[in-house]
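Here are some notes from going through the model, as promised. Have a look at the fold first, then read on.

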Amino acid sequence: MELLKTPSPSSNEMEIQKKWINYVEKFADEIRTDNAGNAIGVLNPNASFKVLLAGHCDEIALVINRIDDHGFLYFDKVGGINPKAAVGMKTSVLGYNKTVTGVIGVNAQHHGGLKKDFDLEDLFIDCGYQSKEEAEKYVQIGDLAVYKREPEILTDRYVAGRGLDNRTGAFIIAEILKRLSKTDCTVGVYAASTVNEETNMGGAYFAAAGIQPTMAIACDVTFATDYPGVDKNKHGDVKLEKGPVLAKGAPINIKINKLLEQTARKLKMNIQYELTPRMTGTDADKMRLTGVGVPVSLVSLPLRYMHSPVETVSLKDIDEEIELLVEMISNLTGKESLNPLDD
């Protein structure tokens, strides 16, 4: 929950990375950082066969682009902000002088309400300032804001809140490293809490280019379709509590997926699938194209209400994803071929 309570807007992930490092350094053999801002926990750093696990820690956000004469803050998006989900939300504005609370104002329905087709430029943040001069004591152009939303547990089963995409992934890879540290794992394992995925995926590129892994697995979220109003014929059938989701498509290494499927059968664990015919839209895409090329796979957590303040995931799915990857990686010998043409 501590990670979920920590603001981590894309391009300003330092606070959450420090907390991640503080947790991981207790069981990692080594901690690395880089100029992108990635935080990397390492097991068996001298092993020649290297597995890179990437879970991005950044969240979507708002960026202040104008302050009007009355002290109202206007904003643009950092990542995939849904304007309709922003209406009426409380925000934490991460000002250069201090963090301030604001609300995203909305025209009262009695006064005509919002126009039918509105966008972010029609919205504003009210922090209670009475002038531009007062606002500029605390906030400047380029400062970031996130929804002010505490994570909630739903029926002891689900977690709901903002930025589960993908602070859950950063948590998952940390837990995988922790459990592997207690096994006889012989391959090198690099758990990278990556930055900037929601904006440019540059963190994943830096991580893979620096590590030069034998294989890489992105641990992200994907669209659950098990709630009212979703067209499953168009978007697939992915459910909470039905297991981790493996991607299938041109970017994905068949051999890695086969190892994951064999492990799931061994554990008698359900797995689900999503299609990524051209691109995955995750860190996997950037890691794959570093160096001489990196075989990649994508293991995703089913998530409801993507890029909203109430993203929702299952605790059971989190546990199973950790279990699946710990079991697979702990049984690697380091002699596995990931060439699809090898028998």
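1. A quick definition before the first helix: a polar contact here is a pair of N or O atoms within 3.5 Å, and within protein one of them must be able to donate a hydrogen and the other to accept it. Bear in mind too that this is a predicted model. With that cut-off, Ser314 caps the N-terminal end of α10, as one of its side-chain oxygens sits 3.1 Å from the backbone nitrogen of Lys316.

2. On α10 itself: the helix runs over residues 315-330, 16 residues in total. From first C-alpha to last it reaches 23 Å, close to the expected 22 Å. The buried residues of α10 are Asp317, Ile318, Glu320, Glu321, Ile322, Leu324, Leu325, Val326, Met328 and Ile329. Three acidic side chains, Asp317, Glu320 and Glu321, are on that buried list, so to speak, alongside Ile318 and Ile322.

3. Next, α5 (164-180). Its length checks out: the 17 residues should span 24 Å at 1.5 Å a residue, and the end C-alpha atoms of α5 are indeed 24 Å apart. What about its surroundings? Of those 17 residues, 14 are buried, so α5 is largely enclosed by the rest of the structure.

4. Both helices turn up again in the second largest pocket, where α1 (2-5), α2 (14-24), α5 and α10 each supply at least two lining residues. The volume of this pocket is about 380 Å³. Which residues lie closest to its centre? Out of 18 lining residues, they are Met1, Glu2, Leu3, Leu4 and Phe171. The largest share of the lining, six residues, comes from α5. By class, this lining has 14 nonpolar residues, one polar and three charged.

5. Now the largest pocket, with about 440 Å³ of space. It is lined by 22 residues, and Val221, Thr222, Phe223, Glu274 and Thr280 are the closest to its centre. Two or more lining residues come from each of β13 (215-223), α7 (232-235) and β15 (272-275). Of the elements, β13 gives the most, with four residues. The lining here is a mix: eight nonpolar, eight polar and six charged residues.

6. How many cavities of 30 Å³ or more does the model have? The count is one, and about 70 Å³ of space lies in it. Its lining is made up of Glu59, Ile60, Val146, Tyr147, Arg162, Gly163, Asp165, Glu198, His307, Ser308 and Glu311. These divide into five charged, three polar and three nonpolar residues.

7. Cysteines: the disulfide count is zero. Why is Cys185 not in one? The closest cysteine sulfur, in Cys219, is 14 Å from the sulfur of Cys185, and a disulfide needs the two within 2.5 Å, so the gap is too far for a bond. Cys185 is buried, at 9% relative accessible area. Cys127 is buried as well, at 18%, given that the cut-off is under 20%.

8. Last one, a loop residue. Where is Ile252? Ile252 sits in the loop between β14 (245-248) and α8 (254-267). Despite being in a loop, Ile252 counts as buried, with 9% relative accessibility. Its C-alpha is 29 Å from that of Leu4, which is 248 residues away along the chain. Leu4, remember, is among the residues closest to the centre of the second largest pocket.

Key
Residues are numbered from 1 along each chain as its sequence is written. This is a predicted model: local features need pLDDT of at least 70, side-chain atom pairs count only at pLDDT 80 or more; totals for chains, interfaces and linings use all residues. Side-chain values use heavy atoms; hydrogens and water are left out. The expected span of a helix is 1.5 Å times one less than its number of residues. Buried means under 20% relative accessible area, exposed over 50%, partly exposed in between (1.4 Å probe, protein chains only). On a 1 Å grid over the protein atoms alone, a cavity is a set of points where a 1.4 Å probe fits but cannot get out, and a pocket is an open set with protein on both sides within 12 Å along at least five of seven lines; lining residues have an atom within 4 Å of a point. Grid points are joined across faces, edges and corners, and a volume is the space filled by probe spheres set on the points. Ala, Val, Leu, Ile, Met, Phe, Trp, Tyr, Cys and Pro count as nonpolar, Asp, Glu, Lys and Arg as charged, and the others, Gly among them, as polar.
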